[in-house]
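Visitor: I would like to learn how to read a few features of a protein model, one at a time. Please show me the structure and then take my questions in order.

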Amino acid sequence: MIQNIPLSYYLVISTLMFFIGIYGFLTRRNLITMLMSVELILNSVNINFVAFNRYLYPQQLQGHFFMLIVIAVAAAEAAVAIAIIINIYRNFKSIDVENVDEMKY
Amino acid sequence: MADYTYTLLIPLIPLFVFVLLGLTGHKMKPVVSGLIGTSGLGISAILAYATAFKYFWTGHATGTAYTSIKAFEVSWLHLTDKLTIHLGALIDPISVMMLVVITTVSLMVHIYSIGYMKGDPGFYRFFSFLSLFSFSMLGLILATNIFQMYIFWELVGVSSFLLIGYYYEKPSAVAASKKAFIVTRFADLGFLIGILMLSFNTGTFDFQTLTDPHGPAIASVGGAAFMGMSVLTWSLIFIFVGGAGKSAMFPFHIWLPDAMEGPTPVSALIHAATMVVAGVYLVARLFPVYALAAPDALHVVAWVGGFSSIFAAVIACTQTDIKRVLAFSTMSQIGYMMLALGVSGFGGEDGLGFMASNFHLFTHAMFKALLFLGAGAVIHAVHSNEITDMGGLRKHLPITHITFLIACLTIAGIPPFSGFFSKDEILAAAFHSNKFLFAIEYIVAGLTAFYMFRLYYGIFWGKNTHYHHTPHEAPKVMTIPLMILAFGSIFAGFLPFHNLVTSDGKGFESHIDWMIAIPSVLIGVIGIIIATIMYKKPTAIPDKLAGTFKNLYKWAHRKFYMDEVYLYVTRKIIFRYISAPIAWFDRHIVDGTMNGIAGMTVWAAYAIRGLQSGKLQQYAFVFVGGTVVLVLIFVYLV
């Protein structure tokens with residue numbers, strides 16, 4: 001069943017996710033939405049890992065484990081990012097990224 | 001040979017006291033810090049007396065020459081095998097004599113200051129500086145080599161600077177301290193050049209090697225010559241320039257009158273008895289080199305001394321600030337000492353001038369310290385330095401009056417006070433060497449008697465000034481040092497100096513030459529009589545005389561415009577034609593380069609600061625765009 005789906009399908013999905021994430025990261029002004037976009041980018045990479053592992057080296061598990069590590073790091077990163085966002089909110093009374101440019105020059 | 005290592009303690013105790021008072025003095029009661037300073041110096045004085053007694057009498061076989069003993073020496077800076085700087089203690093007749101002079105005067109000044117400085121907010125600071133000065137001066141005296149002497153030479157300069165500027169709230173005191181420091185420092189440049197030339201040519205800093213009559217230093221006379229004189233002569237002249245700066249000889253004397261801004265005990269200690277004779281000591285220390293290898297340099301010493309003595313004596317006759325009169329008198333007396341050294345020969349009876357100079361140094365320290373401390377007691381009572389504010393004080397200050405009179409008689413050279421003996425030896429030495437200088441010294445002796453008694457009558461007799469509150473005699477702690485010093489002034493003349501401090505260490509027979517002594521006493525008496533006529537009662541004679549010799553009086557009163565000449569030379573010539581272009585170069589070229597570099601950086605930063613916009617998404621866009629471009633390049637072009 002799964003063998004009938006070619007690898008390129010997975011890659012198309014992950015590429016779409018990746019560029020949706022990039023697009024969201026570049027266009028959304030809300031920090032929370034930007035964080036969600038970053039998660040999309042990470043997950044597209046995870047799909048690549050798993051797919052390549054499954055199709056190229058079915059006997060090995062490195063890709064799976066690497067995916068788990070990325071998920072763990074992404075969770076930690078989300079925690080830190082949300083903490084930063086809370087602090088930004090306290091300082092600027094807003095989580096709009098356009099306002100967070102006061103440390104320039 | 002006896003062991004003199006303990007002489008090291010004589011300078012080290014004041015150093016310890018300086019550190020102790022400097023660090024913890026502000027926590028002590030003022031009187032405690034005064035007592036610590038005084039007792040520290042008392043111990044030093046006792047050690048110095050013990051050293052003198054041992055060196056001159058008990059530890060010395062009669063009939064033999066006094067040798068110079070290196071009590072202690074360490075190698076302090078080992079730069080190369082040839083260039084090593086030592087620190088140590090050298091014991092020989094002049095250093096032992098100076099130990100006694102300095103510890104005595106310093107001890108008296110310490111005791112006196114407890115009374116004089118009472119209630120001053122910087123009491124402990126004053127005593128710590130006094131200790132620093134005593135340490136530096138004693139170190140200078142005991143120096144085993146010329147470089148150690150130079151180090152301590154600068155240290156006494158610093159202590160003098162600190163003490164002249166003691167009342168640092170007063171702008172005039174600050175200016176005076178700067179002036180003293182800069183003028184002496186300028187002269188010290190000559191000293192340094194002299195040291196370098198001398199030690200380069202002789203290969204040693206060590207005094208014992210340098211002054212050994214058969215040593216390599218004196219044997220090297222036949223060295224290179226420059227402008228008609230040997231390099232050795234030039235180096236000794238340069239060294240004398242340093243000595244002249246410290247000893248306020250013409251033309252470096254301008255700092256001494258202004259130095260009177262310091263507290264009076266300081267003037268007594270530093271600017272009358274000890275530091276200003278450092279120049280005399282320096283020449284005396286190197287005397288064999290001067291006398292045997294460079295008689296030309298010795299002539300310079302004699303003429304500078306002679307000129308300074310008469311120059312200062314004339315000025316002293318017209319000054320109205322009592323401390324300034326004493327300052328010029330000091331300069332005049334030091335001129336005497338320099339002259340005596342300058343006319344002296346080496347060895348035996350030829351060394352009469354050397355002996356006389358040191359003798360006069362010794363007696364002068366006593367009576368001049370007494371004069372200054374007496375003046376301090378007067379100032380303490382009247383709260384003014386001006387002679388015009390005084391008069392008729394003999395009833396109010398009996399002890400000060402008597403001791404001041406003794407000191408005046410001593411400096412005027414009236415027998416049997418000590419000044420008579422030492423001045424007589426100087427006149428005798430001058431008589432045998434140079435009749436012209438001898439004549440000058442006779443005139444100076446008369447002038448000295450005149451201006452000292454002008455001062456004396458002006459303070460203690462003269463008009464009956466009305467005082468706001470009746471002046472009262474100084475406390476015991478101030479009058480007792482006066483009495484001790486008066487005692488010294490009277491009896492110091494009976495010391496057998498010709499057996500103790502001589503140029504070659506051997507004693508010689510000396511007797512008073514009445515052919516010289518009687519006229520010198522007479523001329524002193526004449527000076528006193530003139531002063532008595534003019535100043536004992538308020539008369540019109542002084543004003544009339546000043547009117548008759550209007551120009552001379554004005555010139556002398558303005559100190560022959562030496563300050564103005566210096567100001568003209570520094571402001572109008574050095575500042576305008578040398579300093580101003582250098583300042584311009586510094587401001588525009590050196591600073592300009594640096595400012596230009598900084599300006600370029602600022603400009604570049606403004607130019608590129610738009611890149612650092614702080615807009616997160618802009619950064620991300622550039623990053624993603626860059627990645628895409630790189631990928632396209634690698635995929636399609638490479």
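Guide: The turns below go from the whole chain to helices, helix pairs and single residues. Keep in mind that this is a predicted model.

Visitor: How many helices and strands does chain B have, and what are its spans along the principal axes?

Guide: Chain B contains 26 helices and four strands. Its C-alpha trace extends over about 120 × 65 × 50 Å along the principal axes. Of its 638 residues, 51% count as buried. Among the contacts in chain B with a separation of 6 or more, 80% come from residues 24 or more positions apart.

Visitor: How many residues does each chain bring to the contact between chain A and chain B?

Guide: Chain B supplies 10 residues and chain A eight residues. The side of chain B that touches chain A is made of four nonpolar, four polar and two charged residues.

Visitor: What span should helix H19 of chain B have, at 1.5 Å a residue?

Guide: Compare the expected span with the distance between the end C-alpha atoms. H19(B) covers residues 435–460, and its 26 residues should span 38 Å. The end C-alpha atoms are 37 Å apart, which agrees. As for its surroundings, 21 of the 26 residues are buried, so H19(B) is largely enclosed by the rest of the structure. Just after this helix, B:Gly462 has a positive phi of about 65°.

Visitor: What describes a pair of packed helices?

Guide: Two values do: the angle between the axes and the distance between them. Take H15(B), residues 322–343, and H18(B), residues 418–433: their packing angle is about 40°, and the axes lie 9 Å apart. Angles under 35 degrees count as roughly parallel and those of 65 to 115 as roughly perpendicular, and H15(B) and H18(B) are therefore oblique to each other. Their crossing is left-handed. From H15(B), the contact uses B:Tyr336, B:Leu339, B:Ala340 and B:Val343; from H18(B), it uses B:Ile426, B:Ala429, B:Ala430 and B:Ser433. By class, these residues are seven nonpolar, one polar and no charged.

Visitor: At what angle do H16(B) and H18(B) pack?

Guide: H16(B), residues 352–382, packs with H18(B) at about 155°, with the axes 8 Å apart. That angle makes H16(B) roughly antiparallel to H18(B). The crossing of H16(B) and H18(B) is left-handed. Residues in this contact include B:Phe359, B:His360 and B:Phe367 of H16(B), and B:Lys423, B:Glu425 and B:Ile426 of H18(B). The contact of H16(B) with H18(B) holds nine nonpolar, six polar and two charged residues.

Visitor: Now for single residues. Where is B:Glu73, and which residues is it in contact with, leaving aside neighbours within four places in sequence?

Guide: B:Glu73 sits in strand E1, residues 69–78 of chain B. Burial is read by counting C-beta neighbours, and B:Glu73 has 15 inside 10 Å, so it counts as partly exposed. Beyond its neighbours within four places in sequence, B:Glu73 is in contact with B:His86, B:Gly88 and B:Thr144. B:His86 is 13 residues from B:Glu73 along the chain, and their C-alpha atoms are separated by 6.5 Å.

Visitor: Is B:Lys559 buried or exposed?

Guide: B:Lys559 is buried, because 20 other C-beta atoms lie within 10 Å, and a residue with 20 or more counts as buried. This lysine belongs to the loop between helix H24 (550–557) and helix H25 (562–608) of chain B. From B:Lys559 to B:Gly243 the C-alpha distance is 22 Å, with their positions 316 residues apart in sequence.

Key:
Residues numbered from 1 in each chain as written. Chains lettered and ligands numbered in written order. Predicted model: local features only at pLDDT ≥ 70, side-chain atom pairs only at ≥ 80, totals over all residues. Helix = DSSP H or I, 4+ residues; strand = E, 2+ residues; numbered from the N terminus. Expected span 1.5 Å × (residues − 1). Buried ≥ 20, exposed ≤ 12 C-beta atoms within 10 Å, placed from the backbone. Contact = placed C-beta atoms within 7 Å. Nonpolar A, V, L, I, M, F, W, Y, C, P; charged D, E, K, R; others polar. Axes fitted to C-alpha atoms, helices over the stretch in contact; angles between N-to-C directions. Parallel < 35°, antiparallel > 145°, perpendicular 65-115°, else oblique. Left-handed = near helix turned anticlockwise from the far one by under 90°.
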